[in-house]
Amino acid sequence: MPSEQVFRKFPDSFTWGVSTASYQIEGAVHEDGRGPSIWDVFSHTPGATARGDHGDVACDHYHRFREDVALVRDLGAGSYRFSVAWPRIQPEGHGPANQKGLDFYRRLTDELLDAGVEPWLTLYHWDLPQQLEERGGWRTRDTAERFADYAALVHDALSDRVTWWSTLNEPYCTAFLGMATGEHAPGTREGHGALAAAHHLMVGHGLAVQAMRAQRRGAEKFGITLNLTEVRPASADPADRAAAERFDLMHNRVFTDPILAGTFPSREREVWSDITDFAFRRPDDLALIRQPLDFLGMNVYCPTYAKFAPTADPDPRFRTAADIDVVSAPPADLPRTAMGWPVDATVLTQLLRGLNKDYRGLPPIYITENGAAFRDVPDATGHVPDPERIAYIDSHLGAVQDALAEGIDVRGYFCWSLLDNFEWAYGYAKRFGLIYVDYDDDLRRVPKSSYHWYRDLIRAQGES
Ligand code: FCB
């Protein structure tokens, strides 16, 4: 059981890391020629985020990156996963690169390399240049093509120092939270548009990998990060089982089937055919989307318990979970994080097993995000004890061990997140960091107990 808390050593080659994302930490949104992104516009829309929080300053990482890199170094993490803000490189989403934008990521990657930390670069963690959104955003193939141009620019500038390249972070969230539920930027409620976006994100991924491979310098590795959830029926009732299948299709298979198998999900028409004719697909798209990958990044937080719950007020134009009569109903006895997410580490082993069963020839897998938000409060001595986070990470690493013991090729683990940051629509209220950020005291960084614990664990190669 993953809850045993004592690990065998992980393989010596196992990658230990921490993750962040540009809009969540950088701030400096008007500096050095950066253009506006959809998240700037969305977060400044009244009612869009908790308390009206936005990323204008965030953790001010843009100015404090040296201090943050030193914290990664002292943690002993061999790898640091961050994202590049597209609107720093192309303020309007097209055209030549803004030199000052590239320079920032040069300084950051140099600092990492000097500290002995391997940079893991993600090209898109949700901050689309606003001007592209105004031209149709991911609903259009044009954005996929612009994304490949942008990828080629960044790759050309940084591939002398960055080996690990991930195209997209969690296209599910971009398409379905952004354009179906509207919880994320751009914040619209669409049916067909969200599906077209999901498709064009995958096309953009394929085009970007092709463009970067064509100008490959040497050792670069290309991959993508998906957020997968193991969908469990809330009960043995056949209606709950069917609900789980529908949600699995909408959340996971819509991406894993094309990207990993080069097919569209066999049952997609049952869910989507009356809101779209799929005319946005072109005959060669599947081959384009299914690029050979050097790695697959997986972000995993919790299982989903799908329960059949007929919508009181069905609207045939849309297909969110609610529109397909699915609600999440985790067992009442499972502990929850501050996000309300149920905690059950077996989700990681189960997902890894499921992928290995369903897809042949999988690339090596890296857990590129896993972590939890809790209500962290500094104590009277200024320390921030966070035993729940330690237990969470501990149990999830145990689940990775279980997968390794079964021969599943998992090569690394990145904790989300290095430091507390702008948690999208939840703003700064949700803290995921190993490091506490004191938003009331000049953004002071205070390593939490979990930081020290994770450092010791990395040092012992996983033996806790
Ligand atoms: C993931 C996102 C990441 C962070 C965590 C909690 O979905 O990739 O930016 O918000 O959730």
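This is a walk through the structure, one selection at a time, with a note on what you will find at each stop. Keep in mind that the model is a predicted one.

**Stop 1: the ligand**

Start by selecting the ligand, which sits in the largest pocket. Now bring up the residues around the ligand: Gln-24, His-125, Trp-126, Asn-169, Glu-170, Asn-299, Tyr-301, Glu-369, Trp-416, Glu-423, Trp-424 and Phe-432. What mix of side chains is that? The shell splits into five nonpolar, four polar and three charged residues.

Next, zoom in on a few polar side chains. Pick Gln-24 and look for the N or O atom in its side chain that is 2.7 Å from an oxygen atom of the ligand. Glu-423 gives you another such pair, with an N or O atom of its side chain 2.7 Å from a ligand oxygen. Then click on Asn-169, where a polar side-chain atom lies 3.0 Å from an oxygen atom of the ligand. How much of the ligand does the protein cover? On its own the ligand has 300 Å² of accessible area, and the protein covers 95% of that.

**Stop 2: two cis peptide bonds**

Stay with the ligand shell for a moment and select Trp-416, one of the residues around the ligand. Follow the backbone on to Ser-417: the peptide bond joining Trp-416 and Ser-417 is cis, with omega at about 15 degrees. Ser-417 is in the loop between strand S11 (410-416) and strand S12 (435-438).

For another cis bond, jump to Ala-185 and Pro-186, where omega is about 5 degrees. Pro-186 is in the loop between helix H8 (171-179) and H9. Why stop for these at all? Because most peptide bonds are trans.

**Stop 3: the S11-S12 loop again**

Go back to the loop between S11 and S12 and select Lys-430, which is also found there. Is Lys-430 buried or exposed? Lys-430 has a relative accessible area of 18%, so it counts as buried, the cut-off being under 20%. To get a feel for the span of the model, draw a line from Lys-430 to Pro-238: the two are 192 residues apart in sequence and 36 Å apart in space, C-alpha to C-alpha.

**Stop 4: two positive phi angles**

Most residues other than glycine have a negative phi. With that in mind, select Arg-51, which is not a glycine but has a positive phi of about 55 degrees. Look for Arg-51 in the loop between helix H2 (38-43) and helix H3 (61-75). Switch on the surface and you should find Arg-51 exposed, as its relative accessible area is 66%.

Now move to Leu-443, another non-glycine residue with a positive phi of about 55 degrees. Leu-443 is in the loop between S12 and strand S13 (444-447). With a relative accessible area of 11%, Leu-443 is buried.

**Stop 5: along helix H9**

Colour helix H9, residues 192-214, and pick out Ala-198, which lies in it. Ala-198 is buried, at a relative accessible area of 1%. Add Arg-139 to the selection: Ala-198 and Arg-139 are 59 residues apart along the chain, and their C-alpha atoms are separated by 8.1 Å.

Then slide along H9 to Ala-214. Here the relative accessible area is 71%, so Ala-214 is exposed. Try a distance to Gln-131 as well: Ala-214 and Gln-131 are 83 residues apart in sequence and 28 Å apart from C-alpha to C-alpha.

**Stop 6: a polar contact in H7**

Select helix H7 (residues 141-158) and find His-155 in it. His-155 counts as buried because its relative accessibility is 0%. Which side chain does His-155 contact? Show Glu-220: the side chains of His-155 and Glu-220 make a polar contact at 2.6 Å.

**Stop 7: Asp-32**

Finish in the loop between helix H1 (22-25) and H2, where you will find Asp-32. Asp-32 has 29% relative accessibility and so counts as partly exposed. Add Phe-104 and check the spacing: these two residues are 72 apart along the chain, with their C-alpha atoms separated by 9.1 Å.

Terms used
Residues are numbered from 1 along each chain as its sequence is written. This is a predicted model: local features need pLDDT of at least 70, side-chain atom pairs count only at pLDDT 80 or more; totals for chains, interfaces and linings use all residues. Side-chain values use heavy atoms; hydrogens and water are left out. A residue is near a molecule or strand if one of its heavy atoms lies within 4 Å of it. A polar contact is a pair of N or O atoms within 3.5 Å; within protein, one must be able to donate a hydrogen and the other to accept it, and residues adjacent in sequence count only if both atoms are side-chain atoms. Accessible areas come from the Shrake-Rupley method with a 1.4 Å probe; for residues, only the protein chains shown count as cover. On a 1 Å grid over the protein atoms alone, a cavity is a set of points where a 1.4 Å probe fits but cannot get out, and a pocket is an open set with protein on both sides within 12 Å along at least five of seven lines; lining residues have an atom within 4 Å of a point. A molecule sits in a cavity or pocket if more than half of its atoms lie within 2 Å of its grid points. Ala, Val, Leu, Ile, Met, Phe, Trp, Tyr, Cys and Pro count as nonpolar, Asp, Glu, Lys and Arg as charged, and the others, Gly among them, as polar. Helices (H or I, at least four residues) and strands (E, at least two) are DSSP runs, numbered from the N terminus. Buried means under 20% relative accessible area, exposed over 50%, partly exposed in between (1.4 Å probe, protein chains only).
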